[in-house]
Amino acid sequence: MAPGKVVTPGAGLDKAPGAPHPALMPHDHSHDHPHSLLPSDPALRVKALESILTAKGLVDPAALGAIIETYQHKVGPQVGARVVARAWADAGFAAALLADADAALAAMGVSGRQGEHVVAVANTPQVHNMVVCTLCSCYPWPLLGIPPGWYKSDAYRARAVREPRAVLADFGVTLPEDQTVRVWDSTAEVRYLVVPMRPEGSAGLDEAALAALVTRDSMIGTGLPRRPGSAP
Ligand code: FE
């Protein structure tokens with residue numbers, strides 16, 4: 001064993017010379033012990049691709065790092081939640097957001113790829129809005145971050161249009177019978193932001209406290225905002 005290599009106690013003791021290390025071979029015990037030093041298969045493949053692209057000069061590792069940092073820490077549903085909280089707190093902003101979301105978002109400093117043309121739709125006691133991309137997975141990234149896996153699934157994309165109330169039930173949402181469900185189909189040109197109804201009991205909360213009530217799913221329309229005092 002070359003100096004500097006990580007050696008797992010016992011590993012490799014019973015292998016024939018030249019045989020693959022046990023960590024590379026299929027085996028049927030759990031993998032939460034120290035000899036599973038290799039990353040998962042997709043992670044390994046991503047790392048391999050990144051190495052090749054970097055070696056060929058096709059990507060800049062610093063740029064990749066900046067993109068990952070942006071979507072891990074800066075862009076996410078907390079941005080959309082700030083927008084919704086402001087709309088709840090400020091009727092003038094709400095009207096401006098519903099009339100021209102791009103301008104209202106730009107005024108808040110919110111913009112970016114996959115968010116060039118946003119349309120905000122407000123829930124009312126009469127209408128509940130829900131967003132899907134039936135074609136693929138168009139989604140307002142600058143407001144909500146990267147779409148969740150279910151948003152991209154065939155099942156959600158097909159059923160959201162055909163049986164929205166059944167889909168909502170799967171998410172634990174039951175709406176009054178007399179509240180119409182309106183489904184908006186995102187496209188490459190238009191992304192939708194649902195402005196949920198301000199929850200009861202939230203009078204007097206400031207924008208930061210209001211934002212904490214706004215969930216990602218409530219801005220897609222597959223959920224409702226939290227009520228003040230409920231667990232996050
Ligand atoms: Fe799409």
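Student: Which residues in α3 meet Phe-93, Ala-94 and Leu-97 in α4?

Tutor: Val-83, Arg-86 and Ala-87 do. Keep in mind that this is a predicted model.

Student: What kinds of residues make up the contact of α3 with α4?

Tutor: Five are nonpolar and one is charged. There are no polar ones.

Student: How are two packed helices described?

Tutor: By the angle between their axes, and by the distance between the axes.

Student: OK, at what angle do the axes of α3 and α4 cross?

Tutor: At roughly 125°. The axes come within 5 Å. Helix α3 covers residues 77–89, and helix α4 covers residues 91–99.

Student: What do we call that, oblique or parallel?

Tutor: Oblique. Angles over 115 and up to 145 degrees fall outside the perpendicular and antiparallel ranges, so α3 and α4 get that label.

Student: Zoom out. How many helices and strands does the protein chain have?

Tutor: Eleven helices and four strands. The chain has 232 residues, and 25% of them count as buried.

Student: What share of the contacts join residues at least 24 apart?

Tutor: 67%, among contacts between residues at least 6 apart in sequence.

Student: How many residues are in the largest nonpolar core?

Tutor: It has 38 residues. Val-83, Val-84 and Leu-193 have the most contacts inside it. Helix α3 gives the most to this core, with seven residues.

Student: Val-83 again! What does Leu-193 touch?

Tutor: Leaving out residues up to four places away in sequence, Leu-193 touches Gly-80, Ala-101, Val-118, Ala-120, Pro-140, Leu-143 and Met-219.

Student: Switch to α2. How many of its 14 residues are buried?

Tutor: Zero. Helix α2 is hardly covered.

Student: What span should α2 have, and why?

Tutor: It should span 20 Å, because the estimate uses 1.5 Å a residue for residues 61–74. The end C-alpha atoms are 19 Å apart, which agrees.

Student: Now Leu-144. Where is it, and is it buried or exposed?

Tutor: Leu-144 is in helix α6, residues 141–144. It counts as buried because it has 26 C-beta neighbours inside 10 Å.

Student: Which residues does Leu-144 touch?

Tutor: Pro-77, Gly-80, Tyr-139, Arg-216 and Met-219, again skipping those up to four places away in sequence. Gly-80 and Met-219 are also touched by Leu-193.

Student: And how far is Leu-144 from Tyr-71 in space?

Tutor: 10.0 Å, C-alpha to C-alpha. They are 73 residues apart in sequence.

Student: What about Arg-191? Why does it count as buried?

Tutor: Because it has 24 C-beta neighbours inside 10 Å. Arg-191 sits in strand β4.

Student: What is it in contact with?

Tutor: Beyond its neighbours within four places in sequence, Arg-191 is in contact with Gln-114, Gly-115, His-117, Val-118, Cys-138, Tyr-139, Pro-140 and Ser-186. The C-alpha atoms of Arg-191 and Pro-140 are 5.4 Å apart, with their positions 51 residues apart in sequence counted as separation.

Student: Next up, Cys-136. Buried or exposed?

Tutor: Exposed, with 12 other C-beta atoms within 10 Å. Cys-136 is in the loop between β2 and α6. Its C-alpha atom is separated by 9.1 Å from that of Tyr-151, 15 residues apart along the chain.

Student: Last one. Where does Ser-202 lie?

Tutor: In the loop between β4 and α10. With 18 C-beta neighbours inside 10 Å, Ser-202 counts as partly exposed.

Student: What is Ser-202 in contact with?

Tutor: Leu-210, Leu-213 and Pro-228, leaving aside neighbours within four places in sequence. The C-alpha atoms of Ser-202 and Arg-227 are separated by 7.5 Å. Those two are 25 residues apart along the chain.

How values were computed
Residues numbered from 1 in each chain as written. Predicted model: local features only at pLDDT ≥ 70, side-chain atom pairs only at ≥ 80, totals over all residues. Core = buried A, V, L, I, M, F, W, Y, C linked by C-beta atoms within 7 Å. Buried ≥ 20, exposed ≤ 12 C-beta atoms within 10 Å, placed from the backbone. Helix = DSSP H or I, 4+ residues; strand = E, 2+ residues; numbered from the N terminus. Contact = placed C-beta atoms within 7 Å. Expected span 1.5 Å × (residues − 1). Axes fitted to C-alpha atoms, helices over the stretch in contact; angles between N-to-C directions. Parallel < 35°, antiparallel > 145°, perpendicular 65-115°, else oblique. Nonpolar A, V, L, I, M, F, W, Y, C, P; charged D, E, K, R; others polar.
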